[in-house]
Amino acid sequence: MERKKMRNVLIVGTILIIIFAISQHLDWFGGLFLKTLGILTPFLVGGLLALFLNVPMNFFENKALKFLDRWKFGPKLRRPLAVLIVFAILILIICLVVPYLVTEVGKTIESIVKQLPVAYTKLNEWLLNRDFNLSEYLTTALVPPTEDQLNAQLEQIFKLALNGVAFSTGVIGGLYQSVLGLFFTIMFTVYFLFSKEKLASQFKRLGYAYLPKAQMDWIVDVCRRTQHTFASFMTGQCLEALILGFMFFITMSLFRMPYVLLISVVIAIMALIPVIGAWVGCIVGAFLILVANPIQALYFLVLFLVLQQIEGNLIYPHVMGNAIGLPSIWVLFAVVVGEGLLGIVGMLLFIPLTSVIYSLVRDSVDRREALAAEQSAAPDQPD
C-alpha cells in the first residue's frame with residue numbers, strides 16, 4: 001500500500017511539474033504544437049475523410065457489389081471497386097456542382113452590376129424628394145488630386161506592386177504546399193479505406209497487450225458505438241438533405257420562382273451542416289431572389305419557414321429515427337462546441353461523438369440505479 005501511494009504521488013507530482021513547465025514556456029509549446037499539427041494535418045484529414053467515405057463504401061462493398069462473389073476473384077475486387085466508385089462519385093459531384101454554382105453566382109453578380117445604374121437613379125430621386133442631391137455631393141467629394149498627392153499615390157502604387165511580387169512568390173509556395181498536402185491526404189484516405197480491418201486489429205492487439213482486459217473491452221465498445229452512430233448520422237443527414245433539396249425544387253418550380261435549381265442545390269448542400277446549414281442556404285436563396293424580384297423573395301422566406309417546419313417535425317425524426325438518440329439541447333451544444341473548435345467539420349463530428357458520450361453516461365447511470373435498487377431491495381443481513 002505504501003509503494004502504491006508513493007507511485008501515485010510521483011505520478012501526480014510529475015504531471016504538476018509538466019503543467020508548470022508548459023505554463024512557463026507557453027509560446028514555445030504552442031508553436032511546437034501548431035508545427036506538429038501542421039505536419040500531421042494530411043494524416044488527420046485523411047482519417048476524417050476515410051470516416052466520411054467509409055459509409056458509402058460499405059454500402060457498395062457489402063450490398064451493391066455483392067454479386068461479384070459468384071466469380072473466383074470477385075471478393076477481392078469488391079473493395080477496390082467500392083473505393084473507386086466512391087471517389088468517382090465525389091469527383092463527379094465536385095465537377096458538376098462547383099462549376100454550376102460558380103457560373104450562376106457570376107451571372108447573379110453581373111445582373112446586380114447591370115441594375116446598379118437604375119438603383120442609383122431611384123436612390124437619387126428618393127433623396128431629391130428629401131432635399132439631398134447625391135450627384136452634387138459626389139461631384140463635390142471627388143475633387144481632383146494635387147500634383148503632390150498624385151506623386152504620393154504613384155509611390156504608394158509602386159510599393160504595392162513590389163509587395164504584390166513578394167505576395168505572388170508566397171502564393172506559389174503556398175500553392176505547392178497545398179497540392180503536396182492534398183496528395184498525401186488522398187493517399188492516407190485510400191490507405192485507411194483499404195486497411196481499416198488491419199489497423200483495427202493492430203489497435204486491439206496493442207491495447208490488449210498493455211491495458212487490462214476490462215478497460216480494453218470498454219474502449220472497443222466505445223469505438224464500435226462511435227462507428228455505428230457516425231455511420232447512422234451521416235446516412236440520415238445525407239438523405240435528409242436530399243429530401244429537403246427536392247422539396248424546395250418542387251415547390252419553387254410550382255410557384256415559378258427564379259434560380260430554382262441553384263437554390264435547391266445550395267440548400268441541399270448546406271443542409272448537411274446540422275441546425276444552421278439550412279438557414280445559411282435560406283439567406284443565400286433570399287438574396288439571389290431579392291435581386292430578381294423582391295416580392296418573390298418575401299414569398300420564398302415564407303415558403304422556407306413552412307418547409308422547415310414540415311422537415312423538422314415530420315421528415316427529420318423519421319429519417320434519423322433513434323440512430324442518434326440525442327436530445328435537441330445537446331445537439332445544439334455539440335454544434336456550438338464543434339464549430340468553435342473545428343468549424344464545419346467539428347459540427348459534423350461532435351454530434352455523433354456527443355451522442356456516444358450521452359449513451360455511455362446514460363448506461364452508466366442506469367447500471368448504478370439498478371445496483372442501488374438491488375441493494376435497497378435486498379434483505380438486511382443479521383449481525
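Is Arg256 buried or exposed? Arg256 is exposed, because its relative accessible area is 72%, and exposed is a label given to residues over 50%. This residue belongs to a predicted model, and the report below moves from the whole chain to its cores and then back to the loop that holds Arg256.

## Overall fold and confidence

The secondary structure of the protein chain consists of 11 helices and zero strands, so that, according to the DSSP runs by which helices and strands are assigned, the pattern read along the sequence is α-α-α-α-α-α-α-α-α-α-α. Among the contacts in the protein chain with a separation of 6 or more, 66% are made by residues 24 or more positions apart. Of the 383 residues in the protein chain, 26% count as buried, while the chain exposes about 27,000 Å², of which carbon and sulfur atoms supply 72%.

The average pLDDT of the protein chain is 79, and 82% of the residues score at least 70. Confidence is highest in helix 6 (residues 196-210), with a mean of 90, and lowest in helix 4 (residues 134-141), where the mean is 57.

## The nonpolar cores

The largest nonpolar core contains 24 residues, and those with the most contacts inside it are Phe248, Met252, Ile263, Ile289 and Phe300. Two or more residues of this core come from each of helix 7 (213-254), helix 8 (260-270), helix 9 (277-292) and helix 10 (294-320), with helix 10 giving the largest share, six residues. A second, separate core has 16 residues, including Phe52, Phe230, Leu326 and Leu349. In soluble globular proteins, nonpolar side chains tend to be buried together.

Phe300 illustrates how the largest core is connected: once its neighbours within four places in sequence are left aside, Phe300 is in contact with Phe248, Met252, Met257, Ile263, Ile267, Cys282, Gly285, Ala286 and Ile289. Of these partners, Cys282, Gly285, Ala286 and Ile289 are among the buried residues of helix 9.

## Helices 7, 9 and 10

The lengths of two helices can be checked against an expected rise of 1.5 Å a residue. For helix 7, the 42 residues should span 62 Å, and the end C-alpha atoms are 61 Å apart, which agrees. For helix 9, the 16 residues should span 22 Å, and the end C-alpha atoms are 24 Å apart, which again agrees.

The buried residues of helix 9 are Gly277, Ala278, Gly281, Cys282, Gly285, Ala286, Leu288, Ile289 and Val291. One of them, Ala278, is in contact with Gln308, which also touches Trp279 when neighbours within four places in sequence are left aside. Gln308 lies in helix 10 and counts as buried because its relative accessibility is 17%, whereas the cut-off for buried is under 20%.

## The loop between helix 7 and helix 8

Arg256 lies in the loop between helix 7 and helix 8, and helix 7 is followed by this residue, whose phi is positive, near 55°. That positive value occurs in a residue other than glycine. Tyr259 is also placed in the loop between helix 7 and helix 8, and its phi, near 55°, is likewise a positive value in a residue other than glycine.

Key
Residues numbered from 1 in each chain as written. Predicted model: local features only at pLDDT ≥ 70, side-chain atom pairs only at ≥ 80, totals over all residues. Heavy atoms only, no water. Core = buried A, V, L, I, M, F, W, Y, C linked by side-chain atoms within 4.5 Å. Buried < 20%, exposed > 50% of the residue type's maximum accessible area, 1.4 Å probe, protein only. Helix = DSSP H or I, 4+ residues; strand = E, 2+ residues; numbered from the N terminus. Contact = heavy atoms within 4.5 Å. Expected span 1.5 Å × (residues − 1). pLDDT = per-residue confidence, 0-100. Areas by Shrake-Rupley, 256 points an atom, 1.4 Å probe, with all protein chains shown as cover.
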